[in-house]
Amino acid sequence: MLLAGEAWAARFERFTQEAWRLETLPQYLMPQEEGEFAAFRSGARIAPENVANEYTDRLRRQAAERRVQGRVHVVTRPLTAYLRFEFHHYYKAHALAGEQIRILDVTDRPNPIEGAQDFWMFDRSEVVLMNYHPDGRQISREVYAGDVAPFVEYQRIAVIESVPFEEYVKGLDL
């Protein structure tokens, strides 16, 4: 089943314990980000501590309800311009709002989850595959109908092998 609109948004309202994401691409080309990304490349910066929008409001509400949202992003250095943008523009604000973000840098070592594709997992019982073109343009979101155990294992390995976002970006000029 392909997901969009309300059916997709509902996943973030109805999970009871955890929503978790694996990101594996060096960039995501989202049309709604084009202007902000262009401004970032031109030197514009935001104050992450001042970001308040629907997404950060939801993260704060989830944290207050003791519902965890987290992610691991697999990266290699040097970071792409998009990753620098994502880290500064989104991850800093989202971490401050309660999202548990971790970075798995595989620059100087084998990727322990090689071959895993992007996905969201809800309460370790439902997986939504995030399908992208190689350049990061989204194709679709698809509910996975098989056994979720391999995705639970990807999560376990990714979390163990990664570091907290705040630790990873210390000293980086984003």
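These legends walk through several close-up views of a predicted model.

**View 1. The open sheet, strand by strand.**
Seven strands line up here as an open sheet in the order β6-β5-β4-β1-β2-β3-β7, and the pairing is mixed. Look to β6 (138-143) and β7 for the edges, since each pairs on one side only. Strands of a sheet pair through backbone hydrogen bonds, in either a parallel or an antiparallel arrangement.

**View 2. β2, β3 and the helix that connects them.**
Strand β2 (residues 68-75) runs parallel to strand β3 (residues 100-105), with six bridges between them. To get your bearings, find R71, which sits opposite I101 in β3. Between the two strands the chain passes through helix α4 (residues 81-96), and this β-α-β crossover is right-handed. On its other pairing, β3 meets strand β7 (residues 163-164) through two bridges, this time antiparallel. There, I103 faces V163 in β7 as its opposite number.

**View 3. The β4-β5-β6 end of the sheet.**
Things turn antiparallel here: β4 and strand β5 (residues 126-132) are joined by four bridges. F119 has L129 in β5 as its bridge partner. Moving over to the sheet's helix side, α4 packs on the sheet and touches β1 (18-23), β2 and β3, with its direction at about 160° to that of β2. Back at the strands, β5 and β6 also run antiparallel, over five bridges. N131 pairs up with S140 in β6. The β5-β6 hairpin has five residues between its strands, and G136 in this hairpin adopts a positive phi near 100°.

**View 4. Two edge-to-face ring pairs.**
The whole structure holds 21 aromatic pairs. One of them is W8 with F122, an edge-to-face pair at 6.2 Å centre to centre with 80° between the planes. W8 belongs to helix α1 (residues 5-14) and F122 to strand β4 (residues 119-122), so this pair ties together parts that lie 114 residues apart in sequence. Both rings' residues, W8 and F122, are buried. Now for F87 and F165: their ring centres are 5.4 Å apart and their planes meet at 85°, so this pair is edge-to-face. It's another long-range link, with F87 in helix α4 and F165 in helix α6 (residues 165-169), 78 residues apart. F87 and F165 are buried too.

**View 5. An aromatic cluster and two arginines over rings.**
Y28, F37, F40, Y82, F85, Y90 and Y132 are linked into a cluster by ring pairs. R45 lies over the face of one cluster member, F40, 3.7 Å from the ring centre. A second arginine, R67, puts its charged end over the ring of F15, at 4.5 Å from the centre.

**View 6. A95 and its surroundings.**
A95 is part of helix α4. Is A95 buried or exposed? Its relative accessibility is 16%, under the 20% cut-off, so A95 counts as buried. Setting aside neighbours within four places in sequence, A95 touches I101, F165 and E166. Two of these names have come up already: I101 stands opposite R71, and F165 is the ring partner of F87. For a longer-range reference point, take T56: the C-alpha atoms of A95 and T56 are 9.1 Å apart, with their positions 39 residues apart along the chain.

**View 7. Backbone oddities in the loops.**
Which peptide bond is cis? It's the one from R77 to P78, with omega near 0°. P78 sits in the loop between β2 and α4. Next up is R66, a residue other than glycine that still has a positive phi, near 60°. R66 lies in the loop between α3 (54-64) and β2, and with a relative accessible area of 74% it is exposed. R124 also isn't a glycine, yet its phi is positive at about 50°. You'll find R124 in the loop between β4 and β5. At a relative accessible area of 45%, R124 counts as partly exposed.

Definitions and conventions
Residues are numbered from 1 along each chain as its sequence is written. This is a predicted model: local features need pLDDT of at least 70, side-chain atom pairs count only at pLDDT 80 or more; totals for chains, interfaces and linings use all residues. Side-chain values use heavy atoms; hydrogens and water are left out. Two strands pair if DSSP finds at least two bridges between them. A crossover is right-handed if, with the strands pointing away from the viewer, the path from the first strand over the helix to the second runs clockwise. Rings of Phe, Tyr and Trp (its six-membered ring) pair if their centres lie within 6.5 Å; planes under 30 degrees apart count as stacked, over 60 as edge-to-face and the rest as tilted. Buried means under 20% relative accessible area, exposed over 50%, partly exposed in between (1.4 Å probe, protein chains only). A charge sits over a ring if NZ of Lys or CZ of Arg is within 6 Å of the ring centre and within 35 degrees of the ring normal. Contact means heavy atoms within 4.5 Å. Axes are lines fitted to C-alpha atoms, for helices over the stretch in contact, and angles run from 0 to 180 degrees between N-to-C directions.
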